[in-house]
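Please keep the sequence and the structure open beside this note while you read. The points are meant to be taken slowly and checked one at a time.

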Amino acid sequence: MQEAISHIRSEKRKYILRVQSAALKSIHDYMYENGVVQAMPIILSPETDPLNHPHFDASVEYYGQKLHITKSMILHKQLSLLNDGVDKIYFMSPNVRLEDGKLRESGRHLFEFTQVDIEFKEKTKEDFIKFTDGMIAEVYRRVLKDCPDDLAALDRKLAAPKLPLKVYESADLQRQYGEHFEKVASEAAKDPFWILNYKREFYDREDKKTRGYYHNYDVVWPQGYGEALSGGEREWEHKEILRKMNERNTDMKAFETYLGVSEQGLIPRTVGGGLGIERMVRFLTGQKHIKDVTLFPRVPGERIAF
Ligand code: AMP
Ligand code: MG
């Protein structure tokens, strides 16, 4: 209990919260100015992101129906764009991912965190990259302008990045830096950058001609802070979705409505991504562990007080 109290009362918490507020305001303003509408997130659903890494299940039973706690809004983002009048949407989405306790010391993992989850209809990855470069630049601009004293109190030096942010192919980085290329490239970089093409979930679009090339990406924070955002162009063809679900041994019953929509040929052609808020704030404020940017830490494997 004493630890929880002193964590909340720690002096640096106020500087970090002020930087976070400035960063969030810049994101909301940028969305508003670019016509991206905000919708409210959901917390419980029979269908949610399957995630491509080991984690524990988190669900509740309600009137005989199994409802999963949101791992990401990906499927809901896609279906929200079924509305003809909505082309660009975002959610501030709380995610619960009961991550493996081995990740406790990673400094980058929480088992509850929040994403800015963005999706555009009839746009390409190039459009999304351009949009996101602008958003990241706005975050830096606002924090540097509004929070110089907070950054100084945290002994954090930040410099606005050069636009456009650099874009790399994952295969090239892998050749250069080896298996842990994202980590090594992050440590070597001064500015955030993009990495293209990861083999990921069934909903990320795989090139039909080359098979094996994914039209997706990550944004990576520099100075070793690692992954910032993941996203991509999405699969919309029923046949492709089924093929990729089969390849991944996906339990199709867990995606009944989603597959029902795709069977009717209604999944919109979209592109998007999700930016982790706590990881962004950790980078902006230069914190060693992500728990330091939260008031109520949720570190994998750790007992929580409150
Ligand atoms: P994903 O689509 O799984 O890559 O998640 C989107 C973004 O959320 C990532 O790029 C991270 O910035 C953030 N994120 C994912 N998992 C976690 C976690 N366990 N703790 C904190 N942030 C996370
Ligand atoms: Mg990711």
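The numbered points below begin with the whole chain and then turn to the sheet, the salt bridges and the metal site.

1. Please bear in mind throughout that this is a predicted model. The protein holds 10 helices and 13 strands, and its C-alpha atoms fill a box of roughly 55 × 45 × 40 Å when the box is taken along the principal axes.

2. On overall form, the radius of gyration is 19 Å, close to the 19 Å that the globule rule gives for 306 residues, so the protein is as compact as a globular protein of that length. Of those 306 residues, 50% count as buried. Where contacts between residues at least 6 apart in sequence are considered, 71% of them join residues at least 24 apart.

3. A useful element to trace by eye is an open sheet of 8 strands with mixed pairing, whose order is β1-β6-β8-β13-β12-β11-β10-β9. The edge strands of this sheet are β1 (37–38) and β9 (166–169), each of which pairs on one side only. As general background, strands of a sheet pair through backbone hydrogen bonds, and they do so either parallel or antiparallel.

4. Which strand is joined to β9, and by how many bridges? The partner is β10 (residues 193–196), which runs parallel to β9 and is joined to β9 by 4 bridges. Within this pair, K166 stands opposite F193 in β10. Helix α6 (residues 170–177) packs on the sheet and touches both β9 and β10, with a direction that makes about 80° with that of β9.

5. Turning to charged side chains, the count comes to 32 salt bridges. In general, side chains of opposite charge can pair when their charged atoms come close. D146 deserves a look here, as the side chain of D146 meets that of R142 in a salt bridge with an N to O distance of 3.0 Å, and also meets that of K145 at 3.3 Å, N to O.

6. Why are D146 and R142 separated by about one helical turn? They lie 4 residues apart in helix α4 (residues 125–146), and this spacing is the reason. The surroundings of the three residues may also be compared with care: R142 is buried, with a relative accessible area of 19%, D146 counts as partly exposed at 37%, and K145 is exposed at 56%.

7. Another salt bridge is formed by the side chains of R205 and E233, with 2.9 Å from N to O. This pair links distant parts of the chain, since R205 sits in the loop between β10 and β11 (216–221) while E233, 28 residues apart from R205, belongs to strand β12 (residues 226–233). R205 counts as buried at 18% relative accessibility, and E233 likewise counts as buried, at 10%.

8. Salt bridges can also be followed beyond single pairs, and here K77, D117, E119, R200, D204, D218 and R234 are linked in a network of them.

9. The last point concerns the magnesium ion (ligand 2), which is coordinated by E227 through OE and by S230 through OG, at 2.2 Å. Are these residues buried, partly exposed or exposed? E227 counts as partly exposed, at 24% relative accessibility, and S230 is partly exposed, with a relative accessible area of 24%.

Conventions
Residues numbered from 1 in each chain as written. Chains lettered and ligands numbered in written order. Predicted model: local features only at pLDDT ≥ 70, side-chain atom pairs only at ≥ 80, totals over all residues. Heavy atoms only, no water. Donors = N, O, S within 2.8 Å, 3.2 Å for Na, K, Ca; no water. Buried < 20%, exposed > 50% of the residue type's maximum accessible area, 1.4 Å probe, protein only. Pairing = 2+ DSSP bridges. Helix = DSSP H or I, 4+ residues; strand = E, 2+ residues; numbered from the N terminus. Contact = heavy atoms within 4.5 Å. Axes fitted to C-alpha atoms, helices over the stretch in contact; angles between N-to-C directions. Salt bridge = Lys/Arg side-chain N within 4 Å of Asp/Glu carboxyl O. Rg over C-alpha atoms; globule rule 2.2 N^0.38 Å.
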